[in-house]
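Got your viewer open? Let's take a short walk through this model, one selection at a time.

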Amino acid sequence: MKVSHPTIEYLTGIITGDSKKSEYRSGSQLVDFFNSLGEDDIYGQGFPSRSSYAQSKLEKFNNTEKMNKTIEYCFYPLHFIEDPKTGESLLDEMNQYLKYDNLKLVRTMKSVKLMRLDDNILSDTNTENKIFNKDTFGLFISHRDGFKKEANQIKENLRFYGISSFVAHEDIEPNEEWIKEIEKALFSMDALLALLSDGFFSSIWTNQEVGFAYGRGTFILSVRLGEDPKGFVGKFQALRPKSGLANDIAEQIVSCLLVHSQTKQKMQYAYFTALANTTNYVESERWAKLLPFIASSTIELVNILINSYNKNSQAYDSYALNGGRQGKKN
């Protein structure tokens, strides 16, 4: 595919590291980089400036398959495994240039793919509706095999607040390729919940699930249920349960997701939408218990809340949602 000169200049800065947004490459490292893409250059006397060399290569590649491979390679997620936020930021910046070329970089389960803007999203990225319900917050619950009963109880309590949870042992049909389904859920999740029961970190699968989330820059929330956070999990927030009850743990999880910068917008949307589905005053008051945790929101989200409130008599007639205390008339 063909890209414009500004796009080539931006990409040159990323490849050389001169933009200071990516790792610096010396002249010999640049030769190795382009040779890995099919060139056969030698670094030595008379070598041009690093920037000139990289830009000339990109101009040579332009409108060929090598340009596609170069762009995809530069933004390959594993290159940013130790700093996924930088990878996400650079990919978003690159897409700001590519949109003027009628192109886009699309995240897939394992990599990125350069596509035309008018192309459909790749089938392996369009998984959200297959794994998580519409208008909900998608939560992947990572747990040890022996903890699946408790994980499912937490899942059921989270459903009330607008969260669709993926619990591998419960949600995969027997005739599905289970690894592929887990990958779909990991790729389309909004956050990962790690239930740190005894033996969590000795499991190959839980460690891989956490590593996948960390590599994508996805928010990871853990609950201490016998083990303390370690490794990547230790970089994120960990909850200490107030009790062993699934509904109490669910409340703590939701209250965190409602306010954290990485999750609050999607979680508030799901939470506000869920109010429309309460079926009695008790449920509406239970829903309202977490509302005080939200210190701020957007006008768009507030309008969703108002709409959910107005169309549900079990909400607009609830004491807790009309200035009264829960269970008591004002």
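Here is a tour of two helix crossings and two nonpolar cores.

Keep in mind that this is a predicted model, where local features need pLDDT of at least 70, side-chain atom pairs count only at pLDDT 80 or more, and totals for chains, interfaces and linings use all residues. Residues are numbered from 1 along each chain as its sequence is written, and side-chain values use heavy atoms, with hydrogens and water left out.

Start by selecting helix α1 (residues 5–16) and helix α4 (residues 65–74): their axes come within 11 Å and cross at roughly 50°. That makes the pair oblique (neither under 35, over 145, nor 65 to 115 degrees). Show side chains next: Ile8, Leu11 and Ile15 in α1 meet Met67, Thr70, Ile71 and Cys74 in α4 (contact means heavy atoms within 4.5 Å). The residues of this contact divide into six nonpolar, one polar and no charged.

Keep α1 and add helix α3 (residues 50–61), where the axes come within 9 Å and cross at roughly 130°. These two are therefore oblique as well. From α1, residues including His5, Glu9 and Thr12 take part, and from α3 residues including Arg50, Gln55 and Glu59. This contact has five nonpolar, five polar and three charged residues.

Now jump to Trp287. Along with Ile253, Trp287 touches the most other members of the largest nonpolar core, which has 61 residues (a core joins buried residues, under 20% relative accessible area, through side-chain atoms within 4.5 Å). Helix α11 (residues 246–259) gives the largest share, eight residues. Last stop: a second, separate core of 29 residues, with Leu11, Val31, Leu58 and Met94 among them.

Note on methods
Axes are lines fitted to C-alpha atoms, for helices over the stretch in contact, and angles run from 0 to 180 degrees between N-to-C directions. Helices (H or I, at least four residues) and strands (E, at least two) are DSSP runs, numbered from the N terminus. Ala, Val, Leu, Ile, Met, Phe, Trp, Tyr, Cys and Pro count as nonpolar, Asp, Glu, Lys and Arg as charged, and the others, Gly among them, as polar. Buried means under 20% relative accessible area, exposed over 50%, partly exposed in between (1.4 Å probe, protein chains only).
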